[in-house]
Amino acid sequence: MYTLGIDIGSTTSKCILLQDGERIVAKSLRVGGMGTAAPGQAVQDILDNTSLQSADIARTIVTGYGRKNYSEADGEVSELTCHALGGHFIFPDPRTVIDIGGQDAKVIVLNERGQMTNFVMNDKCAAGTGRFLDVMANILQMDINDFGAYAARSANPASISSTCTVFAESEVISQLANGAGREDVIAGICESVASRVAGLARRAGVRPEVCLSGGVARNDAVRKALERSLDVEIAVSPLAQYFGAIGAALYGWRHSSK
Ligand code: ADP
């Protein structure tokens, strides 16, 4: 039985096709979130890549920021539930899932059965989210893909002390104007995001095993800075950005096999 999970985020739409709740058969990602054609395109990519028809999919569940505005699914489930399920699907015994997405960050604490026991979330402020990194990449006219590699070359990360994205933007510009190296400024930007997220994690009561979810997991400098700040190892999967979609597909399977 095939179940499809769709995660409609603020910046990207992700899909996962799951077979019998066990095997990931296909995945797709399109840039563009809520209010764009990206969710429909991501679903079409799955059908094209597998030569399946919509009728072959037993259940489709949608999650993410844009889930309420997507009418073609059989149901919608919260992001917290889906990221928890996704983390538990990929890692054997995660107790903390840290999700850093395009516009919010969540720290989800799980019990041994993978059920959520606590969470802390920042959805009010761009600092400590992918949005902060995207704004800075824009100022630096860089691809967000390259942030991790640049930061890794820094010997002396710049201190970005502003907690507000708008002030931090000016701070980055003046650091560069004063001759700070690009890699040091980028390392400082990544540390700033990590430090905000570490604050959330402490409030949630972080405990090992810890794993990352969301697109910012692709930025290794943020992961390393988080590890230093929390003094804990953080696991990251190449599928981290798909955890929400994996969780949605898994939810669909569990609820159709009952
Ligand atoms: P959403 O679900 O809100 O769209 P995602 O979990 O997909 O958010 O994460 C999007 C964020 O991930 C972007 O804001 C960006 O900062 C970050 N990101 C996306 N791709 C990359 C990449 N290749 N390298 C580093 N960071 C990335």
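Visitor: How many salt bridges does the rule count come to?

Guide: The model is predicted, and a salt bridge here requires a side-chain nitrogen of Lys or Arg within 4 Å of a carboxyl oxygen of Asp or Glu. Side chains of opposite charge can pair when their charged atoms come close. By this rule the count comes to 13 salt bridges.

Visitor: Which helix holds Asp 45, and which residue pairs with Asp 45 in a salt bridge?

Guide: Asp 45 belongs to helix H1 (residues 38-50), while its partner sits in strand S3 (residues 23-31). The pair links distant parts of the chain, 15 residues apart. The N to O distance is 2.8 Å, and the partner is Arg 30.

Visitor: Where do the bounds of domain 1 and domain 2 fall, and how far apart are their C-alpha centres?

Guide: The domain assignment gives domain 1 as 1-91 + 241-258, and domain 2 as 94-236. Their contact takes 13 residues from domain 1 and 23 residues from domain 2. The C-alpha centres of the two domains lie apart by 25 Å.

Visitor: Which three residues supply 42% of the area that domain 1 buries against domain 2?

Guide: Between them, domain 1 and domain 2 bury about 1,400 Å², and 68% of this area is on carbon and sulfur atoms. On the side of domain 1, no other three residues supply more than the trio in question. The names are Leu 80, Phe 91 and Gln 241.

Visitor: Which side chains meet in a salt bridge at 3.2 Å, N to O?

Guide: A pairing of this kind needs a Lys or Arg nitrogen within 4 Å of an Asp or Glu carboxyl oxygen, so a distance of 3.2 Å meets the cut-off. The two side chains are those of Glu 79 and Lys 106.

Visitor: How many residue pairs are in polar contact across the interface of domain 1 and domain 2, and which helix gives the largest share of the domain 1 side?

Guide: Across this interface the rule finds one salt bridge, and it finds three residue pairs in polar contact. The domain 1 side divides into six nonpolar, six polar and one charged residue. Six residues of that side, the largest share, come from helix H2 (residues 79-90).

Visitor: Which residue has a polar side-chain atom 2.8 Å from a nitrogen atom of the ligand?

Guide: The ligand is surrounded by 17 residues, the closest being Thr 11, Thr 12, Lys 14, Asp 134 and Asn 145. Thr 11 places a polar side-chain atom 2.7 Å from an oxygen atom of the ligand, and a side-chain N or O atom of Thr 12 is 2.7 Å from a ligand oxygen atom. The nitrogen atom of the ligand is instead approached by Asn 145.

Notes:
Residues are numbered from 1 along each chain as its sequence is written. This is a predicted model: local features need pLDDT of at least 70, side-chain atom pairs count only at pLDDT 80 or more; totals for chains, interfaces and linings use all residues. Side-chain values use heavy atoms; hydrogens and water are left out. Domain bounds come from an automatic or database domain assignment. Contact means heavy atoms within 4.5 Å. Buried area is the accessible area (1.4 Å probe) that two parts lose on being put together, summed over both. A polar contact is a pair of N or O atoms within 3.5 Å; within protein, one must be able to donate a hydrogen and the other to accept it, and residues adjacent in sequence count only if both atoms are side-chain atoms. Helices (H or I, at least four residues) and strands (E, at least two) are DSSP runs, numbered from the N terminus. Ala, Val, Leu, Ile, Met, Phe, Trp, Tyr, Cys and Pro count as nonpolar, Asp, Glu, Lys and Arg as charged, and the others, Gly among them, as polar. A residue is near a molecule or strand if one of its heavy atoms lies within 4 Å of it.
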